[in-house]
Amino acid sequence: MTTFTPTTAAETLSTVQWALAEEAPLEVIGHGSKQGIGRPVQAEHTLDLSRLTGVTLYEPAELVLSAKAGTPLAEIEALLAENGQQLAFEPMDYGPLLGEAPGRGSIGGVLAANLAGPRRLKAGAARDHILGIHAVSGRGEAFKSGGRVVKNVTGYDLSKGLAGSWGTLAVLTDVTFKVLPTAETETTLAVRGLYDEQAVAAMALAMGSNAEVSSAAHLPYPAVARVNGGRFGSDATTLLRVEGFAPSVTARLAMLTALLKNAGPLEEIAGEKSRLLWGEVRDCAPFAGNDERPVWRVSMAPSDGHAMVMALRRQTAVDAFYDWQGGLAWLRMESGEPEADLMRALVKKHGGGHATLVRASAADRAALPVFQPQPPALAALSARLKGEFDPKAILNPGRMA
Amino acid sequence: MSGLAMPKADSETMARRATIVADLRAIVPGEGVVETVNEMRAFESDGLTAYRQLPLVVVLPETVAQVSRVLKYCNEHKIRVVPRGSGTSLSGGALPLEDAVLLVMSRFNRILSIDYPNRVVVAQPGVTNLGITRAVEEEGFYYAPDPSSQIACSIGGNVAENSGGVHCLKYGLTANNVLGIEMVLMDGEVIRLGGRHLDAEGYDLLGIMTGSEGLLGVVTEVTVRILKKPDTARALLIGFPTSEQGGQCVADIIGAGIIPGGMEMMDAPAIRAAEDFVQVGYPLDCEALLIVELDGPAVEVDHLIGQVEAIAIRNGSTTCRISASEDERLAFWAGRKAAFPAVGRISPDYYCMDGTIPRKELPRVLHGMRELSEKYGLGVANVFHAGDGNLHPLILYDANKPGELESAEAFGADILRLCVAVGGVLTGEHGVGVEKRDLMPEMFNETDLDQQMRVKCAFDPGHLLNPGKVFPQLRRCAELGRMHVHKGQVAFPDIPRF
């Protein structure tokens with residue numbers, strides 16, 4: 001049992017080549033903040049990228065930043081903030097949900113897990129902002145894809161191909177992201193007391209307006225009681241975020257207020273409080289903590305999610321809240337049982353999508369498909385792709401199986 | 001065709017042409033199979049008209065089942081297939097092959113569903129880019145990516161090329177606006193990637209498919225995201241004495257946290273050609289003309305117009321006009337939008353290139369281009385998506401003069417090499433196709449290209465789908481799959497281990 005901690009891309013390559021020659025599988029980790037997601041990896045050795053660090057290029061005017069894969073996300077976000085910029089897709093931090101300290105993720109992990117946040121509706125996910133990568137395949141070869149400019153269609157987009165691959169195709173050594181200006185200000189409009197179905201309708205109305213809402217979430221009770229220090233009490237709350245230049249935010253908020261004046265009692269949450277609130281939604285704060293109750297992350301068409309949750313509630317006790325206009329449902333199974341078959345059957349029945357068991361005991365994660373099983377032809381294609389990158393299955397074997 | 005080596009035609013396939021045509025007619029009845037030379041002429045090239053080739057036969061299927069059966073048949077009989085949408089590719093992505101079936105998707109021309117609550121449209125791949133906007137504009141929505149061929153180009157072709165357009169700095173490329181596709185693999189399997197939900201599960205095959213230039217599968221349905229049309233759009237027309245000042249102005253706008261809906265630059269030859277053509281009052285005394293369009297709520301647009309104007313003046317602009325009406329805004333754009341035909345008036349032929357550079361390298365690249373222009377004795381005019389560094393040099397030549405096409409191509413290749421040398425890339429939005437295929441080694445080494453080709457092997461191990469495009473040299477999948485493992489090699493001795 002050896003842990004390799006390379007500090008250069010060349011050392012990373014050499015480690016993978018050694019593992020390949022020995023046919024000794026590697027568990028690939030950055031800082032380990034998401035190690036508890038996926039099937040437990042059966043690997044004798046660990047490839048730890050936490051010392052492969054450093055920002056290698058940052059040009060604010062060109063909107064690009066490159067960093068070695070193990071660079072802490074927190075360090076990158078701090079650097080961007082100094083220049084009034086950000087990763088617009090606001091990558092979530094799984095740490096608190098998995099009972100770990102916050103702020104531990106790496107920039108490579110952001111891509112490997114294809115992280116996103118509440119601004120997903122407007123700004124997309126990591127896959128939408130990745131411009132280029134350097135990586136080492138399971139074949140023991142260093143390769144690159146993409147570039148360091150914001151517009152590029154030269155060759156297959158393998159950078160996107162590695163998004164959400166959880167370290168099972170290649171080991172990222174260097175990533176380049178598009179960065180964008182941070183909004184000058186933000187204000188959240190909260191609508192109080194809506195049932196899920198009403199909230200989904202209100203969010204669709206808001207998102208389809210010219211108010212340019214960048215995030216839309218709905219927190220029923222009891223999830224709502226666990227954000228912003230309990231300020232919302234026990235009333236379900238629907239949140240709509242408006243970001244931009246101050247005069248524009250004021251105008252759009254007025255537009256939104258007029259649009260939703262009959263929806264329910266309205267309340268404005270400005271500035272820092274708004275930012276904190278969306279940070280809590282992003283990091284799934286209502287279910288955070290040292291808690292083994294299973295948590296599902298379910299992605300469906302925004303109008304479909306609540307009907308699936310309603311059907312699920314009829315069969316088992318669930319604590320739920322919604323992001324992405326209702327298209328992302330976070331669900332905690334109060335009985336302690338993951339109910340994977342039931343969950344996936346209901347997702348399918350209510351219009352399709354996918355469900356990932358992001359928090360569960362190691363035993364459940366070993367026994368159940370953590371990631372959504374795919375139809376046979378698609379599963380076969382994914383398996384062939386894995387074979388082309390990592391034919392000996394030495395990188396995170398079994399993690400996504 | 002000027003010195004472009006395509007895969008050697010398979011003589012066995014050529015000899016079986018009559019049988020193949022008959023077999024395809026059994027799959028796609030009626031007028032869906034086109035085989036006479038006269039009728040096939042319409043398909044012999046795409047938007048890159050310097051290259052022409054008649055296909056073996058043209059098939060225009062109407063159903064997914066037909067696409068699946070055609071591909072399965074071709075796969076079983078080792079017949080090559082070139083997919084084609086509307087044929088507007090500027091890189092020869094849909095250039096036929098002598099021994100290949102040309103699979104034309106134009107009959108897939110229906111919008112299948114419009115879902116306003118989720119803001120998505122499901123369309124067949126032959127629907128035009130603009131057709132999607134037309135279908136939803138009454139409700140105030142639009143589809144954001146707007147390649148200049150949007151009136152003709154198909155949404156399926158947009159997926160194949162990952163098409164961009166003037167608005168993509170703010171609103172993204174095709175890849176950022178497509179949520180799902182249905183596609184057929186070369187073996188006839190039909191698969192779906194993504195859907196109406198915001199992210200797809202598993203490996204990002206949708207990300208790999210988008211921009212894969214018809215080499216991995218044939219798209220039979222596309223689900224795109226639509227956006228609410230902005231309340232207002234206003235533009236500034238700004239002239240600078242030097243391209244350095246224009247470039248710095250763009251950098252300062254972005255530095256101020258402003259991402260305009262569109263930001264276009266033209267150099268002196270392009271300005272002159274455009275003004276001669278459309279006469280909208282472009283200033284002729286400047287070296288760089290910038291059009292900055294701001295869109296959104298009226299109050300935001302007014303607020304930002306003032307800021308951009310101040311930035312322009314600070315950078316020494318000699319002209320700065322602000323559109324006071326929709327007509328004036330459109331007039332600002334008229335010259336830019338007519339830049340290609342305008343250049344077409346001053347030169348018998350022009351060759352449009354498409355590199356991307358880090359924006360700060362613009363003066364260096366323009367200078368290099370002037371030197372190359374002298375070397376090759378050919379003029380060049382530049383239009384530039386300034387926000388994202390995507391450069392479209394238009395090389396002026398006369399195809400009737402012996403050797404000029406070859407000179408223009410060599411000039412173009414040198415420009416792209418220059419783009420790569422300054423940290424840029426070969427193509428920002430037009431694709432590699434056949435045009436830039438042989439330049440791929442400028443950007444990628446053999447290992448990089450091999451890994452890309454291995455992705456191809458996962459989708460189409462026989463290299464039957466659109467061969468001869470994108471990759472300069474095709475290597476067999478069996479060869480690519482071979483592992484070179486050196487047993488007993490010790491891991492890097494300096495790696496810290498715990």
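Helices here are DSSP runs of at least four residues, numbered from the N terminus. All the views come from a predicted model.

**View 1. Helix H11 of chain B and what comes after it.** H11(B) covers residues 298–314, so 17 residues in this run. From first C-alpha to last it reaches 25 Å, close to the 24 Å expected at 1.5 Å a residue. Just past the helix sits Gly316(B), with a positive phi near 85 degrees.

**View 2. The two sides of H11(B).** Glu300(B), Val301(B), Leu304(B), Val308(B), Ile311(B) and Ala312(B) are the buried residues. Look down the helix axis and these fall within an arc of 95 degrees, so they line one face. Over on the other side, Gly306(B), Ile313(B) and Arg314(B) are exposed.

**View 3. The neighbours of H11(B), from both chains.** Chain A brings strand E13 (237–244) and helix H8 (246–259) up against the buried residues of H11(B). From chain B itself, the packing partners are strands E12 (232–240), E14 (288–296) and E15 (319–322), plus helix H9 (243–255).

**View 4. Helix H10 of chain A.** In this helix (residues 305–313), Gly305(A), His306(A), Met308(A), Val309(A) and Leu312(A) are buried. Down the axis of H10(A) they fit within an arc of 160 degrees, so here too they line one face. They pack against other parts of chain A, including helices H7 (196–207) and H11 (340–349) and strand E16 (318–323).

**View 5. The annotated stretch of chain B.** An unreviewed UniProt entry puts "domain: FAD-binding PCMH-type" at residues 51–229 of chain B. This stretch is 21% helix and 26% strand, and its end C-alpha atoms lie 39 Å apart.

Technical notes. Residues numbered from 1 in each chain as written. Chains lettered and ligands numbered in written order. Predicted model: local features only at pLDDT ≥ 70, side-chain atom pairs only at ≥ 80, totals over all residues. UniProt positions renumbered as here; feature names shortened; annotations may be inferred. Helix = DSSP H or I, 4+ residues; strand = E, 2+ residues; numbered from the N terminus. Expected span 1.5 Å × (residues − 1). Buried ≥ 20, exposed ≤ 12 C-beta atoms within 10 Å, placed from the backbone. Arc of directions from axis to C-beta. Contact = placed C-beta atoms within 7 Å.
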